[in-house]
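This report covers strand pairing, aromatic contacts and one polar side chain. The sequence and structure come first.

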Amino acid sequence: MQKKTSVFLIASLMSIFLVSCDTKVVFDEYKSLPNQWNKDNIISFQLEAPDSTNTYNLYVNIRNNNDYKFSNLYLITGLEYPNGKTLVDTLEYKMAAPDGTLLGEGFTDVKENKLWYKGYKAPFVFNELGTYTFTVQHAMRKFGDVNGVDDLEGITEVGFRVENK
């Protein structure tokens, strides 16, 4: 009887493990930061073009902790195609609720934010074969200050993720 229970328990755990696997992910990579992000630190990710017949969602992933003191986050992103063409965007993301509580997933003081980059309005297609390069840097400024924040505190990791739609 105990053997049946053990087999059932192992089978149940394996089923949970298989179901919890992320089947949509095509690319997912993070770069660690020393709890601050210098404004001149351009983080880049390179990926080979996946299937050009599929559509994808692209995300910027940010892990931050309680040292992050802003309610939003401004990013300058670039997506360089294999032919050299580069799309540059300046994006703003909400990072905290009106009461100052950090947004994102996580039970500890580290929160993970999965921020839309491409694919939410129109499907994104990798229509060229070769290597794509995604770059990102912060563009934060204190209110009323012309100069940017040199070292943005509280950002611990920056990631880039591509998922099947």
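F160 is buried, with a relative accessible area of 0%. The model is predicted, and the values below are computed from it. F160 belongs to strand β10, which spans residues 155-164 and is mostly covered, nine of its ten residues being buried.

**Strand pairing around β10**

Strand β10 runs antiparallel to strand β1 (residues 25-32), and seven bridges join the two. Within this pairing, Y30 has G159 as its bridge partner in β10. Strand β4 (residues 56-64) is also antiparallel to β10, joined to it by nine bridges. Here V60 stands opposite F160. In a regular strand, side chains alternate between the two faces of the sheet.

**Aromatic pairs**

The structure holds 13 aromatic pairs. Two of them are listed here.

| Pair | Centre to centre | Angle between planes | Class |
|---|---|---|---|
| F27 and F160 | 6.1 Å | 55 degrees | tilted |
| Y59 and W116 | 4.8 Å | 40 degrees | tilted |

Why does the pair of F27 and F160 count as tilted? Their planes stand at 55 degrees, and tilted pairs are those that are neither under 30 degrees, which would be stacked, nor over 60, which would be edge-to-face. F27 lies in strand β1 and F160 in strand β10, so this pair links parts of the chain 133 residues apart. F27 is buried, its relative accessible area being 14%. Ring pairs also join F27 and F160 with F45, Y117 and F134 into a cluster.

The pair of Y59 and W116 connects strand β4 with strand β7 (residues 111-118), and so ties together parts that are 57 residues apart in sequence. Are its two members buried or partly exposed? Y59 is buried, at 7% relative accessible area, whereas W116 is partly exposed, at 36%.

**Charges over rings**

Y59 also has a lysine over its ring: K114 lies over the face, 4.5 Å from the ring centre. Elsewhere, K85 lies over the face of Y81, at 4.3 Å from the ring centre.

**Q137**

Q137 is placed in strand β8 (residues 131-138). What does its side chain reach at 2.9 Å? The partner is the backbone oxygen of K39. Leaving aside neighbours within four places in sequence, the contacts of Q137 are W37, K39, N41, I42, Y74, L75 and I76. K39 thus appears both in this contact list and as the residue whose backbone oxygen the Q137 side chain reaches.

Terms used: Residues are numbered from 1 along each chain as its sequence is written. This is a predicted model: local features need pLDDT of at least 70, side-chain atom pairs count only at pLDDT 80 or more; totals for chains, interfaces and linings use all residues. Side-chain values use heavy atoms; hydrogens and water are left out. Helices (H or I, at least four residues) and strands (E, at least two) are DSSP runs, numbered from the N terminus. A polar contact is a pair of N or O atoms within 3.5 Å; within protein, one must be able to donate a hydrogen and the other to accept it, and residues adjacent in sequence count only if both atoms are side-chain atoms. Contact means heavy atoms within 4.5 Å. Buried means under 20% relative accessible area, exposed over 50%, partly exposed in between (1.4 Å probe, protein chains only). Two strands pair if DSSP finds at least two bridges between them. Rings of Phe, Tyr and Trp (its six-membered ring) pair if their centres lie within 6.5 Å; planes under 30 degrees apart count as stacked, over 60 as edge-to-face and the rest as tilted. A charge sits over a ring if NZ of Lys or CZ of Arg is within 6 Å of the ring centre and within 35 degrees of the ring normal.
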